[in-house]
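Colleague: I have a few questions about the labels you put on this one. Could you bring it up and take me through the reasoning?

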Amino acid sequence: MKIAGMGNRKLAFVAACAWLAGCSILGGSREPATIYAPEPHVVADASWPRVDWQLQIAHPEGPRMIDSQRITVRPTPGELQVYRGASWAKSPGDQLEDTVLHALEDSQKITAVTRKGSGIAADYTLLMELRRYDADYAGHAVPAATIEVNAKLLRSPDQDIVASHTFLQAVPAAATDTASVAQAFGTALGDIGHDIAGWTLATGNAHPPAAARH
């Protein structure tokens with residue numbers, strides 16, 4: 001009976017771990033995870049060109065360790081860990097896609113912008129590779145929210161990549177706690193979203209779609 005009772009308690013513990021996002025089998029913690037949802041704010045630059053072509057945004061690609069809902073921290077160069085008891089509401093790839101899409105939509109500088117697969121006849125496709133999305137200490141007392149993205153602009157229908165550029169933002173957190181780090185990510189995400197949106201408009205404007213070239 002004792003063995004059976006222990007088995008039932010163990011089963012209940014495992015079920016609780018599956019239900020509570022912040023539970024760690026190894027640590028035995030039953031505290032729920034704190035979920036962070038950065039709210040980046042992007043203000044359109046007056047210098048951005050107004051364009052008359054349509055754009056679709058492909059979902060960003062990225063390594064599984066980076067593009068997950070765990071919040072990644074780099075305590076020393078070459079070492080990646082995650083913040084315990086904390087997670088993102090959306091994966092970094094989803095955060096990046098939403099930020100760039102909303103920045104372009106809200107700018108009112110483009111005829112139409114949508115996610116890839118929506119069915120619109122887009123003149124361009126924006127491809128993004130998420131290379132970094134981690135809190136990097138880099139030898140400092142507090143980490144910096146570090147985001148690195150390579151963007152490529154693909155022109156239809158010839159499928160030519162007209163330009164490629166790598167963007168990097170590193171915003172120091174106000175403190176070492178996870179809430180401060182998440183807030184820094186919101187700022188970094190807004191900054192890099194601004195840069196990618198502006199670059200996309202300027203680059204597409206410099207390489208007109210096939211219809212506009214005839």
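Modeller: Sure. The secondary structure of the protein chain comes to four helices and eight strands, and bear in mind that this is a predicted model. Along the sequence the elements follow the pattern α-β-β-β-β-α-β-β-β-β-α-α. Buried residues account for 46% of the 214 residues.

Colleague: What share of the contacts join residues at least 24 apart?

Modeller: Among contacts between residues at least 6 apart in sequence, the share is 68%. Aspartate 52 and alanine 112 give you a pair to look at: they are 60 residues apart in sequence and 8.4 Å apart in space, C-alpha to C-alpha.

Colleague: And where is aspartate 52 found, and why does aspartate 52 count as exposed?

Modeller: Aspartate 52 is in the loop between strand E1 (34-36) and strand E2 (54-57). Exposed means over 50% relative accessible area. Aspartate 52 has 66% relative accessibility, so it counts as exposed.

Colleague: On to the helices. What makes H2 oblique to H3?

Modeller: The axes of helix H2 (residues 92-107) and helix H3 (residues 178-206) cross at roughly 55° and come within 9 Å. Under 35 degrees would be roughly parallel, and roughly perpendicular covers 65 to 115. The crossing angle of roughly 55° fits neither of those, so H2 is oblique to H3. The crossing of H2 past H3 is right-handed.

Colleague: Which residues of H2 and H3 meet there?

Modeller: From H2 you have Gln95, Leu96, Thr99, Val100, Ala103 and Leu104, and these meet Leu189, Ile192, Gly193, Ile196, Ala197 and Leu201 in H3. By type, the residues of this contact divide into nine nonpolar, three polar and no charged.

Colleague: Now the strands. Why is E7 called largely enclosed?

Modeller: Buried means under 20% relative accessible area. Eleven of the twelve residues of E7 are buried, so E7 is largely enclosed by the rest of the structure.

Colleague: How do you know that E7 pairs with E6 and E8?

Modeller: Two strands pair if there are at least two bridges between them. E6 and E7 have twelve bridges in the antiparallel sense, with aspartate 136 bridged to alanine 144 in E7. Twelve bridges also join E7 to E8, again antiparallel; there, isoleucine 147 has glutamine 169 in E8 as its bridge partner. With at least two bridges as the cut-off, E7 is therefore paired with E6 and with E8.

Colleague: What lies between E7 and E8?

Modeller: E7 and E8 form a hairpin with four residues between them, and glutamine 159 in the turn has a positive phi of about 60°. Proline 157 is in that loop too, between strand E7 (144-155) and strand E8 (160-172).

Colleague: How do you know that the bond joining serine 156 and proline 157 is cis?

Modeller: Omega is about -5° for that peptide bond, and it is listed as cis. Most peptide bonds are trans.

Colleague: Which way does E3 run against E4 and against E6?

Modeller: With strand E4 (residues 81-88), E3 runs antiparallel over three bridges, one of them placing arginine 70 with serine 87. With strand E6 (residues 124-136), E3 has three bridges and runs parallel, and valine 73 stands opposite alanine 135. The cut-off is at least two bridges, so E3 pairs with E4 and with E6. Between E3 and E4 there is a hairpin with six residues, where glycine 78 in the turn has a positive phi of about 85°.

Colleague: What makes E3 mostly covered?

Modeller: Four of the five residues of strand E3 (residues 70-74) are buried.

Colleague: Last one: why pick out the phi of glutamine 108 and the phi of alanine 138?

Modeller: Most residues other than glycine have a negative phi. Glutamine 108 is not a glycine, yet its phi is near 55°; alanine 138 is not one either, and its phi is near 50°. Glutamine 108 sits in the loop between H2 and strand E5 (112-115), and alanine 138 in the loop between E6 and E7.

Colleague: What makes glutamine 108 exposed and alanine 138 partly exposed?

Modeller: The cut-off for exposed is over 50%. Glutamine 108 is at 61% relative accessibility, so it counts as exposed. Alanine 138 has a relative accessible area of 45%, so it is partly exposed.

Notes
Residues numbered from 1 in each chain as written. Predicted model: local features only at pLDDT ≥ 70, side-chain atom pairs only at ≥ 80, totals over all residues. Heavy atoms only, no water. Axes fitted to C-alpha atoms, helices over the stretch in contact; angles between N-to-C directions. Helix = DSSP H or I, 4+ residues; strand = E, 2+ residues; numbered from the N terminus. Parallel < 35°, antiparallel > 145°, perpendicular 65-115°, else oblique. Left-handed = near helix turned anticlockwise from the far one by under 90°. Contact = heavy atoms within 4.5 Å. Nonpolar A, V, L, I, M, F, W, Y, C, P; charged D, E, K, R; others polar. Buried < 20%, exposed > 50% of the residue type's maximum accessible area, 1.4 Å probe, protein only.
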